Amino acid sequence: MKANGQTTLRDTVTLTGNGVHSGKPVRLTIHPADVNHGIVFLRTGLANGRERLIEARHIAVSATELCTVIGESDSGAVATIEHLMSALAGLGIDNALIEVDGPEIPILDGSAALFVEAFDRVGLASQSAARRYVKVLRPVRVQQGKAFAELRPRDKGFRLDVEIDFDTPLIGRQRKIVDLSATVYRREIANARTFGFMRDVERLWKAGFALGASLENTVALGEDRILNEEGLRHPDEFVRHKLLDAIGDLALSGLPLIGAYHSYCGGHRLNFMVLDALFADRANYAIVEGEARREQGHAEIAGGIAVPAFAPDIH
């Protein structure tokens, strides 16, 4: 890899599956893209054969309840983009065209691991243009009740400090701090699954959420135990998944961040709000070039997953 070059995929990858909230089948095709293209979604399958391009930017966010949605529902939207965006950002992929023929990105196994495996199978390609970054220059903070999210300046790299606190001994208070790199992302973050509480099933179904959730793609919490037979992938899988989500949501900055992120009891809404606060004042950030590339690697692809009926509260 060229030390400071932008990166795309070497070839196209395709995955299929169901949306965790819509329950609808979807085909996802991720294409290589030219320099300075960024991450752009091509929403197909709309009425009358229409298609729509949606840039993966915070200004395109239209909803943040239980997932991140870009675009408007009446003209074409894509929901639950955070796991895919997380995998792209985690591996340092700058340019891609994401073609999706349904309203939601497939949930696959509930983590970002299968996206990472797909990208690693085709490999990454270094590009001639220099990589650009959003460097945080001044602290910004947003808060809702006890929950908060903030971005602070840092000389280099992107550090995430995520803490959660759930009123159940199955989760409790968990905190994890990472300096983001491809190696750290693969080893510590990518395979952490989404999770939810069975107590909220009926309410979510009535609201049109979690219609495609199952024990195949979600860590399900009962009153006093985890319902998945295989248990957890990590003792602190819950906070690791919150890290995964934060990486995906913050990738909507449009360029990789140089700075430090800290959240307590955060989520999609606060992640969106802290980006909005960052970009509200041009003095908060600078666009810079030249930080060294992160390491890359290879693995194998995996296909879609059938989803049986089950619907917890998705996080």
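This passage describes local features of a predicted model, moving from salt bridges and aromatic contacts to internal cavities, a buried helix and backbone angles.

A search of the whole structure finds 15 salt bridges. In one of them, the side chains of Arg186 and Asp120 meet at 2.7 Å, taken from N to O. Because Arg186 belongs to helix α3 (residues 182–189) and Asp120 to helix α2 (residues 113–122), this salt bridge ties together parts of the chain that are 66 residues apart in sequence. The two partners differ in their surroundings, since Arg186 is partly exposed with a relative accessible area of 25%, whereas Asp120, at 2% relative accessibility, counts as buried.

Strands β14 (158–165) and β15 (173–179) are joined by salt bridges as well. The side chains of Arg175 and Asp161 meet at 2.5 Å, N to O, and because Arg175 lies in β15 and Asp161 in β14, the pair connects parts that are 14 residues apart in sequence. Arg175 is partly exposed, with a relative accessible area of 46%, while Asp161 is buried at 11% relative accessibility. A salt bridge of 2.4 Å, N to O, is formed by the side chains of Arg173 and Glu163; here too the residues come from distant parts of the chain, with Arg173 in strand β15 and Glu163 in strand β14, 10 residues apart. Arg173 is exposed, with a relative accessible area of 55%, but Glu163 is buried at 11% relative accessibility. Elsewhere, Arg141, Glu150 and Arg152 are linked in a network of salt bridges, and the charged end of Arg141 also sits over the ring of Phe148, at 4.0 Å from the ring centre.

Among aromatic side chains, the structure holds 5 pairs. The rings of Phe166 and Phe197 have centres 5.9 Å apart and planes at 35 degrees, and the pair is therefore classed as tilted. As Phe166 is found in the loop between β14 (158–165) and β15 (173–179), and Phe197 in strand β16 (residues 195–197), the pair ties together parts that are 31 residues apart in sequence. Both residues are buried, Phe166 with a relative accessible area of 19% and Phe197 with one of 4%. A further aromatic pair, that of Phe279 and Tyr285, is edge-to-face, with 4.9 Å from centre to centre and 75 degrees between the planes. Phe279 is buried, with a relative accessible area of 18%, and Tyr285 is buried at 13%. Phe166 and Phe197 also belong, together with Phe195 and Phe238, to one aromatic cluster, and Arg199 lies over the face of Phe197, at 4.1 Å from the ring centre.

The whole structure contains 2 cavities of 30 Å³ or more. The largest cavity holds about 60 Å³ of space, and its lining includes Glu163, Lys242, Asp245, Tyr261 and Asn271. Two or more lining residues are given by each of the elements β14, α5 (237–250) and β18. By class, this lining has 4 nonpolar, 4 polar and 3 charged residues. Glu163 thus appears both in the lining of the largest cavity and in the salt bridge with Arg173.

The second largest cavity holds about 40 Å³ of space. Residues that line the second largest cavity are His58, Val61, Thr64, Thr68, Asp249, Leu252, His268, Phe272 and Leu275, of which the largest share, 3 residues, comes from α6. The lining of the second largest cavity divides into 4 nonpolar, 4 polar and 1 charged residue.

Helix α1 (residues 82–91) is largely enclosed by the rest of the structure, because 9 of its 10 residues are buried. Among the buried residues of α1 are Glu82, His83, Met85 and Leu91. The helix is followed by Gly92, which has a positive phi near 75 degrees.

Positive phi values also occur outside glycine. Most residues other than glycine have a negative phi. Leu66, however, has a positive phi near 70 degrees and is placed in the loop between β6 (61–63) and β7 (69–72). Cys265 likewise has a positive phi, of about 55 degrees, and lies in the loop between β18 (257–264) and α6 (268–279). At 22% relative accessibility, Cys265 counts as partly exposed.

Definitions and conventions: Residues are numbered from 1 along each chain as its sequence is written. This is a predicted model: local features need pLDDT of at least 70, side-chain atom pairs count only at pLDDT 80 or more; totals for chains, interfaces and linings use all residues. Side-chain values use heavy atoms; hydrogens and water are left out. Helices (H or I, at least four residues) and strands (E, at least two) are DSSP runs, numbered from the N terminus. Buried means under 20% relative accessible area, exposed over 50%, partly exposed in between (1.4 Å probe, protein chains only). Rings of Phe, Tyr and Trp (its six-membered ring) pair if their centres lie within 6.5 Å; planes under 30 degrees apart count as stacked, over 60 as edge-to-face and the rest as tilted. A charge sits over a ring if NZ of Lys or CZ of Arg is within 6 Å of the ring centre and within 35 degrees of the ring normal. On a 1 Å grid over the protein atoms alone, a cavity is a set of points where a 1.4 Å probe fits but cannot get out, and a pocket is an open set with protein on both sides within 12 Å along at least five of seven lines; lining residues have an atom within 4 Å of a point. Grid points are joined across faces, edges and corners, and a volume is the space filled by probe spheres set on the points. Ala, Val, Leu, Ile, Met, Phe, Trp, Tyr, Cys and Pro count as nonpolar, Asp, Glu, Lys and Arg as charged, and the others, Gly among them, as polar. A salt bridge is a side-chain nitrogen of Lys or Arg within 4 Å of a carboxyl oxygen of Asp or Glu.
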